[in-house]
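Please open the model in your viewer and keep the selection panel at hand. The tour below goes from one selection to the next and says what is found at each stop.

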Amino acid sequence: MGKEKYEESSSDEEVNSSSDVVEASSDEEVESSSDEVEASSDDVESSEDESSSDNEKVEESDSSEDEVAPRNTVGDIPLVEWHKDEEHIGYDIKGRKIMKQPRKDKLASFIEGADDPKNWRKIYDEYNDEEIELTKDEIKIIQRVISGRTPHAEVNPYEDYVDWFEYEDKGHPLSNAPEPKRRFIPSKWEQKRVANLVRKIRAGLIKVSDQHKEEEHNVYSLWTDDTDSVENKKHGGYVPAPKPKLPGHEEAYNPPVEYIPTAEEINSYELMYEEDRPKFIPRRYLNYRSVPAYDKGVKESFDRCLDQYLCPRTRKKRINIDPESLKPKLPSRKDLRPYPTTCYLEYRGHMGPVNCISVDPSGQWLASGSTDGTARVWEIETGRCLKIWEVGEVARQICWNPSPDRPILAVVLEYDVLLLNSGMGDIDIQTKMKELLHISEPGATEDAGDSKSAVTWIQHEKHDGIRMKHFKAVLSIEWHFKGDYFTTVVPSGDSKAILLHQLSKKHSETPFRKLGIPVTAVFHPSKKKFFVATKKFVHVYDLSKVEKIQKLETGVREISSISIHPGGENIIVGSKEGKMCWFDLELSTRPYKTLKVHSKDITRVTFHRTYPLFASASDDCTAYVFHSTVYSDLNQNPLIVPLEILRGHKPEHGRGVLDCKYHPRQPWLFTAGADSIIKLYCH
């Protein structure tokens, strides 16, 4: 400890603060003043000599805590209580008693402290029963602690950082690589992991439960008065049995005069209704022996037993809620525009019900098939019929090839599928189409095995296309989004129900076994997945592994149509009972929402490719237009808003709207009706 001179010009605040510390640690109450601090120079020099001698003693020890060894060796005991009436405070190391120092009274100690300029630096050590004088360094440490600084002045908590590595004249640095991008963007793998956990929690595979939940007690008070107690709240808020009303002054045997009714009042009671009539009329008796037996005692006891027996065990709280507040808050229809609302154009020419329609990928042409044995191509903007094919049979379904370079129409007849060249496109495209739709040797492209008897590829000379003969009636057809593969559905219960065909190789195969009786089948819009709908279920297959990966339970009587959202993670399913089911593949195998929209069978459901719209057509001669927003956030459910009901078709033989399709680029909807008219609805 260095030797420093005592500063006479120290502030009064430092003196007072240090004196407060000294007073708190001492049993004796010592008051310091500014006059006591201003001591004479002789006293200051003497205090400096004493402090220097103390410093020399302290320097002999390595630690300030070991400067003076404790004299008392009795341990950590309550000295004041145990040696209160004794003349000693403990024993030294040799076992001799340590006698108490003579105590001074308060007045003498105050006078002595007023004359001693160093009195404010002294504290009393109760353990060793002695008075200790603080050094200058110890006072400085106390002052620094009070002011919120570090105890030792030589310690700098805000010291400048010194790099230990020397970069000068070094050939290679520790690392000169730029910061990687992954340090500035969220982790993709953590996001996938969180999304996987969210899906499992929603599906019920992971159950979140509180492991520290206390076990509920099976014993509780049933007829207690404290209905708001914790035990009753755990068991649903049990209601105590109703208690009988306590008797009042009017039921006394000698009630006051003001409680006794007059004869006129008693007569007026007879004119009142029974429910308004008083239950008890007070009477006056001279003594208690004159009181007769209560005539309704047995009945009231019986009613009391009924109250205890029939009292409900739970309390049902009635909440007054406005029914309008329970309705979901949907956005305004004006904010969801554009969507089809008005019939803009009609396409007339078919002589029978129009079973199917399909829109060209470019959005310029519309194809239709009817029960009159014809397939037609229309110009959308003008409504002009450009081409007619006389197929001779009922056209069940018609479908454009989704590839713009392949203007091919697939028409489903009874047992056949016709692949026709629509004649659209330039000379080069038409040349390629003739080569693609040409078969040199009939039956040469058939596969061996079971598929050989399932379908046969032959050349159709009349329409310059391909005719695919199936062993049973074909129900539907759907193209792959690349335009080379397509599938046909044959409603049979064997392995030949679903057929996959490749147009470039004139190749057919049956990859799926025993699916039941399928209704329709579609491809995933971007992945190698395949959806097969039976009467009550939708099966999802992985085409690369040819295995089932998911089974969706619709809960409807019979499925009529399905459609896949352009994002690929949501499906709508239409049924023959007027219900429509929305499935979220990442959420659950059960419908996220079931909509009862039509009064008759739903014939077609379809999504728009670019706009957040989907529609449904039904035999009740209506088409419903819905808004559907699918969010990228997994915690937010899709938004489904009904927008418009499109009417205009007339019923024919119990049938209404048979098909509906959206325009690939515009928010337009085409509907085909049993009244042989095709309508275009625009915004």
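What follows is a tour of a predicted model, beginning with the whole chain and then moving to individual elements.

**The whole chain**

Start with everything shown as a cartoon: the secondary structure of the protein comes to 12 helices and 33 strands, and buried residues make up 39% of its 683 residues. Of the contacts in the protein with a separation of 6 or more, 49% are between residues 24 or more positions apart.

**Colour by confidence**

Next, colour the chain by pLDDT, which averages 80 in the protein, with 80% of the residues scoring at least 70. Confidence is highest in strand β28 (residues 613-618), at a mean of 95, and lowest in helix α2 (residues 34-37), at 36. Select residues 1-66, where the pLDDT is below 50, and note that this stretch nevertheless has 63 contacts in the model beyond near neighbours in sequence. Then select residues 444-451, over which pLDDT also stays under 50 and for which the model has 16 contacts beyond four places in sequence. Where pLDDT is low, the predicted coordinates should not be read in detail.

**The sheet β6-β7-β8-β9**

Now select residues 354-359 and 385-390, which are β6 and β9, the edge strands of a sheet in which each of the two pairs on one side only. The sheet is open, has four strands in the order β6-β7-β8-β9, and is paired in the antiparallel sense; its neighbouring strands are turned by 15° against each other on average, direction ignored. Between the edges, add strand β7 (residues 365-370) and strand β8 (residues 374-379), which pair over five bridges. To see one position of this pairing, show S368, which stands opposite R376 in β8.

**Around H501**

Go on to strand β17 (residues 498-502) and show H501, which is found there. Is H501 buried or exposed? With a relative accessible area of 0%, H501 is buried, because that term applies under 20%. The side chain of H501 makes a polar contact of 2.8 Å with that of T488, and another, of 2.7 Å, with the side chain of S508. If you display the surroundings, leaving aside residues up to four places away in sequence, the residues that H501 touches include V455, W457, M468, H470, D484, Y485 and F486.

**The nonpolar cores**

W457, a neighbour of H501, leads to the next selection, since W457 is also among the residues with the most contacts inside the largest nonpolar core, together with L419 and L503. This core has 23 residues, and the elements that give two or more residues to it are β11 (408-412), β12 (416-421), α11 (427-436), β13 (455-460), β14 (465-470) and β15 (476-479). A second core, separate from this one, has 16 residues, including I398, L409, V411 and L420. In soluble globular proteins, nonpolar side chains tend to be buried together.

**The sheet β23-β24-β25-β26**

For the last stop, turn to another open sheet of four strands, ordered β23-β24-β25-β26 with antiparallel pairing. Select β23 (559-564) and β26 (593-596), which stand at the edges; each has a single partner strand, so one side of each is left without a neighbour in the sheet. From one strand to the next, the twist averages 20°. Strand β24 (residues 570-575) is joined to β23 by five bridges, and showing I564 with its bridge partner I571 in β24 picks out one residue pair there.

Technical notes
Residues numbered from 1 in each chain as written. Heavy atoms only, no water. Pairing = 2+ DSSP bridges. Axes fitted to C-alpha atoms, helices over the stretch in contact; angles between N-to-C directions. Buried < 20%, exposed > 50% of the residue type's maximum accessible area, 1.4 Å probe, protein only. Polar contact = N/O pair within 3.5 Å; in protein donor to acceptor, adjacent residues only side chain to side chain. Contact = heavy atoms within 4.5 Å. Core = buried A, V, L, I, M, F, W, Y, C linked by side-chain atoms within 4.5 Å. pLDDT = per-residue confidence, 0-100.
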